[in-house]
Amino acid sequence: MNKFIANILNAVLCDNLVIVMRCLDELCKHNIANNIIEIAKSIAKHHQLAQSQVLKSSGGYRYCIKLPLLEIIDWARPQNGVPHLFIQVAPYAENRPFIRLSFNGFPLKRKHFFIARQWLEHIVSDHGLLASDNMKVTAVDIAHDLAIQINELSFNLAKSQTSMIAFAKNGDIGSYYFGNRKAKFRLVAYDRTANCKAKNLMTTGEPETRLEAQLKPNCMLHELSAFLGPCDYLKRIEVYDLNALKSLTNLHPHTIIAIIAYGLKPALQRLPKDERRKMKRYIEKCRLMPLKSEEIKEAVHKELLNVKGLMMEHSNKASKHSQPYKLRAKFNELYSMLIKNVSK
């Protein structure tokens, strides 16, 4: 049974984006940290929270705060799926970038990045730091959702040296991990339906598997489209029909048991090189392909267009009929009381 991934593809979206910025001016550093503290005080007062619930120390940074991007967030609890900006400033280690931005939640639309831009323009007094050639993208996650159960699939990430598997409470496969956490490309596959239920997120209840490409571009923001545009990472992702693999008669029964129990990657790695090449020829007919399709490339391209809302060159339109103008007015309507004490 050979399927095309395009037929079971539900969505492609940006699920996480991390950007860092360096700041060398001591006065600017002081103003940024002070503005974060003032915003935290305003949030705590407006929402009747303790300041410690809003402003925390985390990940090696002195001041860390979650900021809303139009949607309502809960400062006291983890935000699962709700688009928001997590900003960290003033690292304890002097060699680390002074500012770290994490865009979390889904779907992250251009309006969310534009609202984040408004927050940053109030927090960072030197707008030169907010130029796209000063913003370094250190991580981006591209999620590919497939309308099929994870226990009907098997995976391989070409050229990766490590893999892990995690099991759910009922003994079924919960997640696959391919590649080192510090590698430039890591693939995670998991049961998204079960994950949503565990986090009390909305779900149709239909089977869905998420393939999450976790990339470390280490490029400037204006270079991100050129980095991700070709979608070269898709060449390394191999998705197979597990039921078809089970039915292969030219694989040793022990090999099939290993694939079912531990995944395809370890089963391939334990074989000598000649046997591995032979096995790859056998299993090729069970592969769900092509993953690198024009449909997926176009979806990734649309997600990258959304990120332009963070760039000054795409967010400074003054026409009253433009989307940036309307969103700027919306930002002031929702958050003006939280930024009244920041220094410009």
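**Helices α3 and α12.** In this predicted model, I looked up how helix α3 (residues 110–123) and α12 are placed, and I found that their axes come within 10 Å and cross at roughly 60 degrees. I noted α3 and α12 as oblique to each other, because the oblique class takes angles that are not roughly parallel, roughly antiparallel or roughly perpendicular, the last of these beginning at 65 degrees. The crossing of α3 and α12 is right-handed.

**Contacts.** I then listed the residues that meet. From α3 these are Lys111, Phe114, Ile115, Gln118, Trp119 and His122; from α12 they are Pro324, Leu327, Arg328, Phe331 and Tyr335.

**Helix α12.** I checked the length of α12 (residues 323–335): its 13 residues, at 1.5 Å a residue, should span 18 Å, and the end C-alpha atoms are 18 Å apart, which agrees. I recorded Pro324, Leu327, Phe331 and Tyr335 of α12 as buried. They lie on the same side of α12, because the arc they cover around the axis is only 65 degrees.

**Backbone exceptions.** As background, most peptide bonds are trans, and most residues other than glycine have a negative phi. I looked for departures and noted the peptide bond from phenylalanine 106 to proline 107, which is cis with omega near -10 degrees. Proline 107 is in the loop between β5 (99–104) and α3.

Alanine 90 has a positive phi of about 60 degrees and sits in strand β4 (residues 84–91). I entered alanine 90 as buried because its relative accessibility is 7%, under the 20% limit.

Asparagine 218 also has a positive phi, about 50 degrees, and is in the loop between β11 (209–215) and β12 (219–220). I entered asparagine 218 as partly exposed, because its relative accessibility is 44%.

Terms used. Residues are numbered from 1 along each chain as its sequence is written. This is a predicted model: local features need pLDDT of at least 70, side-chain atom pairs count only at pLDDT 80 or more; totals for chains, interfaces and linings use all residues. Side-chain values use heavy atoms; hydrogens and water are left out. Helices (H or I, at least four residues) and strands (E, at least two) are DSSP runs, numbered from the N terminus. The expected span of a helix is 1.5 Å times one less than its number of residues. Buried means under 20% relative accessible area, exposed over 50%, partly exposed in between (1.4 Å probe, protein chains only). The arc is that of the directions from the helix axis to the C-beta atoms. Axes are lines fitted to C-alpha atoms, for helices over the stretch in contact, and angles run from 0 to 180 degrees between N-to-C directions. Angles under 35 degrees count as roughly parallel, over 145 as roughly antiparallel, 65 to 115 as roughly perpendicular and the rest as oblique. A crossing is left-handed if the near helix is turned anticlockwise from the far one by less than a right angle, and right-handed if clockwise. Contact means heavy atoms within 4.5 Å.
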